[in-house]
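Trainee: I would like a close look at a single part of this model, the place where two neighbouring helices pack. Please go through it slowly, and then set it in the rest of the chain.

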Amino acid sequence: MREGSESFVASQRASFEDFYMKDYQAVVGLAYALSGSRWLAEDLAQEAFLAAHRNWPRVSAYEQPGAWVRRVVVNLSVSAFRRRMVEAKTLMRLGVGERRGLPELPPEDAEFWDAVRSLPRRQSQAVALHYLEDLPVAEVATILDMAPGTVKKHLFDGRRELARRLRTEEDEA
């Protein structure tokens, strides 16, 4: 690589980093307003910024690169919404006409599952899918439409909170 091109690459990298730092919070806010999910919003924003980074020479030449990233977030959120709607319709179609009883959770586990349901929504979903359904992290991530690292974080936080709550309740008894 020639000396002049090295400085060009460095300035492009600095330019993207500045752009990212300046616009990230606002883009996540937009994604959250569109998706209703903080975690999905962060994923959508990261995908949009990743697309901008991959195409930075072209995107940085736009008059408003932030508008381009926001348009990507809007498109991604529409795609995510459509995907969830198709999944919901499919689940409803598969369940029509079938009357199945709900699976019974063992009565001795009632306190545990009450504690799981009291966790924040995404933590309780991750815990239930991982432990009740015995699904690997990658499959939980697919179901919840989030990154595997995010699932791991929810599982970690959920286990820590469950341990705290259940230990506290045992101590009080």
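Mentor: What follows takes one helix pair first, then the residues around it, then the rest of the chain.

This is a predicted model, in which local features need pLDDT of at least 70, side-chain atom pairs count only at pLDDT 80 or more, and totals for chains, interfaces and linings use all residues. Residues are numbered from 1 along each chain as its sequence is written, and side-chain values use heavy atoms, with hydrogens and water left out.

The chain has eight helices and zero strands. Helices here are DSSP runs (H or I, at least four residues), strands are E runs of at least two, and both are numbered from the N terminus. In sequence order the pattern reads α-α-α-α-α-α-α-α.

The pair to look at is α6, residues 121-132, and α7, residues 137-144. Two packed helices are described by the angle between their axes and the distance between the axes. For α6 and α7 the angle is about 135 degrees and the axes are 10 Å apart. The axes are lines fitted to C-alpha atoms, for helices over the stretch in contact, and the angles run from 0 to 180 degrees between N-to-C directions. That angle makes α6 oblique to α7. By the cut-offs, under 35 degrees is roughly parallel, over 145 roughly antiparallel, 65 to 115 roughly perpendicular, and the rest oblique. The crossing of α6 past α7 is right-handed, meaning that the near helix is turned clockwise from the far one by less than a right angle, while anticlockwise would be left-handed.

On the α6 side, the contact is made by R122, Q125, A126, L129 and H130; on the α7 side, by V137, V140, I143 and L144. Contact means heavy atoms within 4.5 Å. By class, the contact has six nonpolar, two polar and one charged residues. Ala, Val, Leu, Ile, Met, Phe, Trp, Tyr, Cys and Pro count as nonpolar, Asp, Glu, Lys and Arg as charged, and the others, Gly among them, as polar. An α-helix has 3.6 residues a turn, so residues three or four places apart point the same way.

Now α6 by itself. Its 12 residues reach 16 Å from first C-alpha to last, close to the 16 Å expected at 1.5 Å a residue; the expected span is 1.5 Å times one less than the number of residues. The buried residues of α6 are R122, Q123, S124, A126, V127, L129 and H130. Buried means under 20% relative accessible area, exposed over 50%, and partly exposed in between (1.4 Å probe, protein chains only). Q125, also in α6, is partly exposed at a relative accessible area of 25%. Q125 and V140 are 15 residues apart in sequence, with their C-alpha atoms 8.8 Å apart in space.

Two residues with positive phi belong to this stretch. D134, which follows α6, has a phi near 55 degrees. D145 also has a positive phi, about 55 degrees, although it is not a glycine. D145 sits in the loop between α7 and α8 (148-172) and counts as partly exposed, at 26% relative accessibility.

Other parts of the chain also approach α6. V116, in helix α5 (residues 110-117), is buried at 2% relative accessibility. Apart from neighbours within four places in sequence, V116 is in contact with S124, V127 and L162. V116 and R159 are 43 residues apart in sequence and 9.2 Å apart, C-alpha to C-alpha. F156 lies in α8 and is partly exposed at 45% relative accessibility. The C-alpha atoms of F156 and Q123 are 8.8 Å apart, although the two are 33 residues apart along the chain.

Towards the start of the chain, D23 of helix α1 (residues 3-35) is buried at 6% relative accessibility. Leaving out neighbours within four places in sequence, D23 is in contact with F49, G66 and R70. F49 is among the buried residues of α2, along with L40, A41, D43, L44, A45, A48, A51 and A52. Helix α2 (residues 38-54) has 17 residues and reaches 24 Å from its first C-alpha to its last, close to the 24 Å expected.

For the chain as a whole, 32% of the 173 residues count as buried. Of the contacts with a separation of 6 or more, residues 24 or more positions apart account for 59%.
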